[in-house]
Amino acid sequence: MRLLPLSRQQKVIYEMALYGGDRIATITVNAIIADNPSKQVMQKALERLLIENEILRARIILEQGVPMQCFDDEIGQRYEVRRFTSIEEVDLFAEELSNKPMPMNGNLCQLIAFNTEDEKNGLIIKLHHIISDAWTVMLLGRQYDAYCKQLQGEKNDALTLYPYTDYLEKNLQEVNSSRYKKDISFWLDLYAGRTNACYLSEKTESSTNTRYVQFLLETEETSITKRICQQVGVSSFAFFFTLLSVYFKRSLRQEGRSFYLGTPVFNRSGRIQQSTLGMFVNNYAVPAAVEDELTFTENLRRTSSLLV
């Protein structure tokens, strides 16, 4: 059984899950595939996924009070094959599954291959964020589909996936380097005095559900937004980030004070990282560069320059 420290990204998830009530710790997705594999094929494809990707067999343990991850040699009870009456029943099952907490000292991966009476087939994926991000879910779905095709004798090249443990070992070397210590000093100086988080409201519920707030733009509003971005020469992300900065500044009465907004970054810069199952997403604190005396367009250009 291998034992390795958490990566920097995993440490963030560990702290959030430990002190945030496990509300945003898991991701559950059900994906439909085009083929109609047999139960035996589905089972063998799941076993191959778990055998070849040890990050799916990870558990978090404490070693002298320090969180570490160990990798089980056996695949254990991390997969099953089920049959449902309809895709609607699949959706209900996946929703119920997403509401169940996933303790970090237990299995952090649950894979359920399924077929339905109306001949729909697919894979339900539930992962703890400490071992996965959204890109990982996509890779898992593609690899499962490729394995099913191969087991049925179809010509299909499976992805070449790299072990997350390689990334962990490189990450450990980087953390112990002098360059990393200089980076820490730089960022601590940059964010000095801005350690207190602000919230629009306090969330006290203990539900494992994550609350997402979505705003849908009408077709006309979308066209206007695109036109503005093209005219100013900025991305749509910069546009909405500027809007959010203005909103927070007014809502939190931040006149005359600088503040930062956190945003996730992909953090998979190369081919190997883009072909690795695991947690890579980083959070970056971006300074909200809006000033009251400037126009929205001027603030938009300032924000865009910080995001490049």
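Helices, of type H or I with at least four residues, and strands, of type E with at least two, are DSSP runs numbered from the N terminus. By that reckoning the protein chain holds nine helices and nine strands. The model is predicted.

**Whole chain**

Begin with the entire chain displayed. Of its 308 residues, 38% are buried. Among contacts between residues at least 6 apart in sequence, 70% join residues at least 24 apart.

**The open sheet**

Select S2, S7, S6 and S5, which in that order form an open sheet of four strands with mixed pairing. At the edges stand S2 and S5 (79-84), each of which pairs on one side only. From one strand to the next, the twist averages 20°.

Next, restrict the view to S6 and S7. These strands run antiparallel and are joined by seven bridges. One position to label is Ala113, whose bridge partner in S7 is Leu123.

Now add the helices that pack on this sheet. H2 touches S5, S6 and S7, and its direction makes about 150° with that of S5. Helix H3, residues 87-98, lies across S2, S5, S6 and S7 and runs at about 165° to S2.

**The nonpolar cores**

In soluble globular proteins, nonpolar side chains tend to be buried together. The largest nonpolar core here comprises 43 residues, and Leu111, Leu127, Ile130 and Tyr144 have the most contacts inside it. Colour the contributing elements: two or more residues each come from helices H1 (8-19), H2 (39-52), H4 (134-151) and H5 (164-175), and from strands S2 (26-33), S3 (58-63), S6 (109-116) and S7 (121-128). Another core, of nine residues, lies apart from this one; among its members are Val90, Ala94, Ile112 and Phe114.

Which residues are in contact with Leu127, leaving aside its neighbours within four places in sequence? Select Leu127 and display its surroundings: Ala25, Thr26, Ile27, Leu56, Met102, Leu108 and Cys109 are in contact with Leu127, as are Ser132, Thr136, Val137 and Leu140.

**The S3-S4 hairpin**

Move to S3 and strand S4 (residues 66-71), which pair in the antiparallel sense over six bridges. Within this pairing, Ile61 stands opposite Met68 of S4. Two residues lie between the strands of the hairpin, and Gln64 takes a positive phi near 55°.

**The H8-H9 pair**

Select helix H8 (residues 236-251) together with helix H9 (residues 296-307). Their axes are 9 Å apart, and the two helices pack at an angle of about 115°. H8 passes H9 in a right-handed crossing. To inspect the contact, show the side chains of Phe237, Ala238, Phe239, Phe241, Thr242 and Leu243 on H8, and of Phe296, Asn299, Leu300, Thr303, Ser304 and Leu307 on H9. Classified by type, this contact has eight nonpolar residues, four polar residues and no charged residues.

**Gly233**

The final selection is Gly233, found in the loop between helix H7 (219-232) and H8. Is Gly233 buried or exposed? Its relative accessibility is 61%, and residues over 50% are classed as exposed, so Gly233 counts as exposed. Finally, draw a distance from Gly233 to Arg301: the two are 68 residues apart in sequence, and their C-alpha atoms are 8.4 Å apart in space.

Methods: Residues are numbered from 1 along each chain as its sequence is written. This is a predicted model: local features need pLDDT of at least 70, side-chain atom pairs count only at pLDDT 80 or more; totals for chains, interfaces and linings use all residues. Side-chain values use heavy atoms; hydrogens and water are left out. A nonpolar core is a set of buried Ala, Val, Leu, Ile, Met, Phe, Trp, Tyr and Cys residues joined through side-chain atoms within 4.5 Å. Buried means under 20% relative accessible area, exposed over 50%, partly exposed in between (1.4 Å probe, protein chains only). Contact means heavy atoms within 4.5 Å. Axes are lines fitted to C-alpha atoms, for helices over the stretch in contact, and angles run from 0 to 180 degrees between N-to-C directions. A crossing is left-handed if the near helix is turned anticlockwise from the far one by less than a right angle, and right-handed if clockwise. Ala, Val, Leu, Ile, Met, Phe, Trp, Tyr, Cys and Pro count as nonpolar, Asp, Glu, Lys and Arg as charged, and the others, Gly among them, as polar. Two strands pair if DSSP finds at least two bridges between them.
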